[in-house]
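Here is the note on this structure, set out as numbered points. Helix packing comes before the backbone details.

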Amino acid sequence: MTRPPTAAQRRVIDAADPVTGRLRGTEAQLAALVGRGLAFRHPRPPHDHFLTPAGHRIREAEPEAEPAAAVVDAPRAETGVFTARVGGEEDPPDGGPSRVREVHSAWQGLLELRRMTNPDGAVDRPCGWERTHLVQAAALALEAAGHPPAAADAGGYRVRASPQPDAIAVRGPDEETLRACAATLEKAGWHASEHTDPRSRTRYLLASPRRV
């Protein structure tokens with residue numbers, strides 16, 4: 001069984017950029033994380049270090065005291081953690097200019113992560129991080145494109161996990177919203193198709209990251 005990271009290594013992991021996984025630490029700390037398969041050194045200058053999928057899993061392992069709903073929490077300014085809006089949150093973040101800047105920054109960071117981690121450097125196709133964070137990745141693509149998430153007093157998109165392990169479901173108040181969301185996801189490198197719920201007869205999108 002793999003040994004857990006030391007306290008010092010865990011602090012480095014926890015301080016990683018929440019979107020790109022970029023790390024900051026001493027050469028010894030970074031080398032140790034690379035040796036344990038929790039980080040990798042990018043081959044291109046400036047040769048920064050980034051979390052591997054295993055490193056991301058450790059970073060995102062919530063303490064037992066944290067509620068399971070943390071995946072849809074609003075960004076926490078005190079920790080710098082950003083979470084895209086999936087729609088329907090009980091306590092959504094303010095939608096002012098600061099939120100727009102946060103979303104834009106997170107999307108640009110995700111495109112950079114694609115460039116650095118996709119084998120061919122492609123930015124038009126989801127990367128490994130997105131494939132292990134389907135709901136958040138799809139929600140970020142929609143929010144960054146300006147689609148309004150569902151709120152208590154207004155319709156909008158809702159991104160949720162689906163029974164298919166490699167796909168998410170997107171629901172909206174009408175077919176126009178679904179078509180607009182589908183176009184955005186296709187442009188962001190996802191496959192999106194409309195389906196009808198056999199029980200409620202409502203239409204929804206099923207979307208999965210496009211592969212090579």
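**Notes on the fold and helix packing**

1. Read from the start of the sequence, the chain runs α-α-β-β-α-α-α-α-β-β-α-β-β. That gives 7 helices and 6 strands. The model is a predicted one. Of the 212 residues in the chain, 41% are buried. Among contacts with a separation of 6 or more, 49% join residues 24 or more positions apart.

2. Two packed helices are described by the angle between their axes and the distance between the axes. The pairs below are given in those terms, followed by the residues that make each contact.

3. Helix H1 (residues 7-14) packs against helix H2 (residues 27-35) at an angle of about 90°, and the axes are 10 Å apart. The range for roughly perpendicular is 65 to 115 degrees, and H1 and H2 are therefore roughly perpendicular to each other. H1 contributes Ala8, Gln9, Val12 and Ile13 to the contact, and H2 contributes Gln29, Leu30, Ala32 and Leu33. By class, these residues are 6 nonpolar, 2 polar and no charged.

4. Helix H4 covers residues 97-117. With 21 residues at 1.5 Å a residue, H4 should span 30 Å, and this agrees with its end C-alpha atoms, which are 30 Å apart. The buried residues of H4 are Arg99, Val103, Ala106, Trp107, Gly109, Leu110, Leu113, Arg114 and Met116. Which elements cover them? The cover includes strand S2 (49-51), helix H5 (128-132), H6 and strand S5 (190-196).

5. The axes of H4 and helix H6 (residues 134-144) come within 9 Å and cross at roughly 125°. H4 and H6 are therefore oblique to each other. The crossing in which H4 passes H6 is left-handed. From H4, the residues in this contact are Arg99, Val103, Ala106, Trp107 and Leu110, and they meet Leu140, Ala141, Glu143 and Ala144 of H6. The contact of H4 with H6 has 7 nonpolar residues, 2 charged and no polar. Arg99, Val103, Ala106, Trp107 and Leu110 also appear among the buried residues of H4.

6. Is H6 largely enclosed or largely open? H6 is largely enclosed by the rest of the structure, because 8 of its 11 residues are buried. The buried residues are Leu134, Ala137, Ala138, Ala139, Leu140, Ala141, Leu142 and Glu143. Glu143 is thus listed as buried, and Glu143 is also one of the H6 residues that meet H4. Just after H6, Gly146 has a positive phi of about 95°.

7. H6 also packs against H7: the two axes come within 9 Å and cross at roughly 110°. That makes H6 roughly perpendicular to H7. Ala138, Ala141 and Leu142 of H6 meet Cys181, Thr184 and Leu185 of H7. The contact of H6 with H7 divides into 5 nonpolar residues, 1 polar and no charged. Ala141 takes part here and also in the contact with H4.

8. Thr184 can be looked at separately. Thr184 sits in helix H7 (residues 175-187). With a relative accessible area of 16%, Thr184 falls under the 20% cut-off and is therefore buried. Leaving aside residues up to four places away in sequence, Thr184 touches Ala141, Leu142, Ala145 and His147. Of these, Ala141 and Leu142 are in the H6 side of the contact with H7.

9. Most residues other than glycine have a negative phi, and most peptide bonds are trans. Two residues are worth checking on that point. His47 is not a glycine, yet its phi is positive at about 60°. His47 lies in the loop between strand S1 (39-41) and S2. Its relative accessibility is 26%, so His47 counts as partly exposed.

10. The other residue is Arg201, with a positive phi near 65° in a residue other than glycine. Arg201 is placed in the loop between S5 and strand S6 (203-209). Is Arg201 buried or exposed? At 59% relative accessibility, Arg201 counts as exposed.

Methods:
Residues numbered from 1 in each chain as written. Predicted model: local features only at pLDDT ≥ 70, side-chain atom pairs only at ≥ 80, totals over all residues. Heavy atoms only, no water. Axes fitted to C-alpha atoms, helices over the stretch in contact; angles between N-to-C directions. Helix = DSSP H or I, 4+ residues; strand = E, 2+ residues; numbered from the N terminus. Parallel < 35°, antiparallel > 145°, perpendicular 65-115°, else oblique. Left-handed = near helix turned anticlockwise from the far one by under 90°. Contact = heavy atoms within 4.5 Å. Nonpolar A, V, L, I, M, F, W, Y, C, P; charged D, E, K, R; others polar. Expected span 1.5 Å × (residues − 1). Buried < 20%, exposed > 50% of the residue type's maximum accessible area, 1.4 Å probe, protein only.
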